[in-house]
Amino acid sequence: MYTRKHIREAFKVRTDNKGSKEIHFQYRSNVPGDFLVEGKSKSPVGALYNIVFNLNNTLRNSNAGKPKVIDQVKVVDSYLRDHHNDIASTEEYRSLMHSKKYITLSHYIINQLDFYNYLKPIPFRYFNLGVCWNGVGPVPFKGRSTHDILRDFAISNRRLNSNLEAHRYGIARFIENFKNFSCRYFGFDAWSDEAFLRCCIETGLFQENNQTGGTQ
């Protein structure tokens, strides 16, 4: 019986300054093949369902909302039987499905997809600050999640900036003040970190580099 209840850390990204993480990876349906979609969720079941959701137009256009765990498992199971039957037909898979151990089952699926190279960690994104700030520029920073990108920007700015007044109250306060300043003077949308980061990139405040880097 399969009992492993964890997945590798490279498939997890930070979501806040408290160290909370969510599962986030890229998926491809064939090897070799391009990585087509991302799976992202706080739970392993949800991350697998998110893959199928992002691939399936019918699911994306439905008004069903977020389904229950059992319904997510059914969708994932149907997809695996069509596209990864070598995984869905194993004794471990059938046993975990029959016993309704869905969390363990989802870890088994993720680890099997990873073993056969259908998954990879979300790659790092690399940026430079597009303006000169207190004589500092450019400020290089990177991250895999939106939170980590903004966090690394704060850390890099503090490391390179001789004026530390803006960093007096820590990373979270620096980011919040930076968002408020950008909204007040530039009209940035800051209802979420994702929306704010998008504004920074679209206006050129953050300049993204197309370099590659490690994902482990």
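Helices and strands are DSSP runs, numbered from the N terminus, with at least four residues for a helix and at least two for a strand. With these names in hand, a tour of this predicted model can begin at Asn117, which sits in the loop between H6 and strand S4 (119-121). Asn117 is not a glycine, yet its phi is positive, at about 65°. The relative accessibility of Asn117 is 43%, so this residue counts as partly exposed, since that class lies between 20% and 50%.

A second backbone feature of this kind appears at Lys100, in the loop between H5 and H6. Here phi is near 60°, again a positive value in a residue other than glycine. Lys100 has a relative accessible area of 59% and is therefore exposed, the cut-off being over 50%. As background, most residues other than glycine have a negative phi, and most peptide bonds are trans. The peptide bond that joins Val31 and Pro32, however, is cis, with omega at about 0°. Pro32 belongs to the loop between strand S2 (21-27) and strand S3 (37-41).

Attention now turns to the interior. Rolling a probe the size of a water molecule over the atoms shows where empty space is left. Across the whole structure, the search finds two cavities of 30 Å³ or more. The largest cavity has a volume of about 70 Å³. Its lining consists of Tyr27, Leu48, Ile51, Val52, Val76, Tyr79, Leu80, Ile109 and Leu113. At least two lining residues come from each of helix H1 (44-55), helix H3 (69-83) and helix H6 (102-115). Sorted by class, the lining of the largest cavity holds nine nonpolar residues, with no polar and no charged ones.

The second largest cavity contains about 60 Å³ of space. Among the residues that line this second cavity are Val45, Leu48, Val76, Asp77, Tyr93, Ser106 and Ile109. H1, H3, helix H5 (91-98) and H6 each give at least two residues to this lining, and the largest share, four residues, is from H6. By class, the second largest cavity is lined by nine nonpolar residues, one polar and one charged.

On the outside of the model, Phe181, Tyr185 and Phe186 together make a nonpolar surface patch of about 360 Å². Of these, Phe186 is part of helix H8 (residues 171-186).

How values were computed:
Residues numbered from 1 in each chain as written. Predicted model: local features only at pLDDT ≥ 70, side-chain atom pairs only at ≥ 80, totals over all residues. Heavy atoms only, no water. 1 Å grid on protein atoms, 1.4 Å probe; cavity = no way out; pocket = protein on both sides within 12 Å on 5 of 7 lines; lining within 4 Å. Points joined across faces, edges and corners; volume = space filled by probe spheres on them. Nonpolar A, V, L, I, M, F, W, Y, C, P; charged D, E, K, R; others polar. Patch = residues over 30% accessible without salt bridge, like charges linked within 9 Å, V, L, I, M, F, W, Y side chains within 5 Å. Areas by Shrake-Rupley, 256 points an atom, 1.4 Å probe, with all protein chains shown as cover. Salt bridge = Lys/Arg side-chain N within 4 Å of Asp/Glu carboxyl O. Buried < 20%, exposed > 50% of the residue type's maximum accessible area, 1.4 Å probe, protein only.
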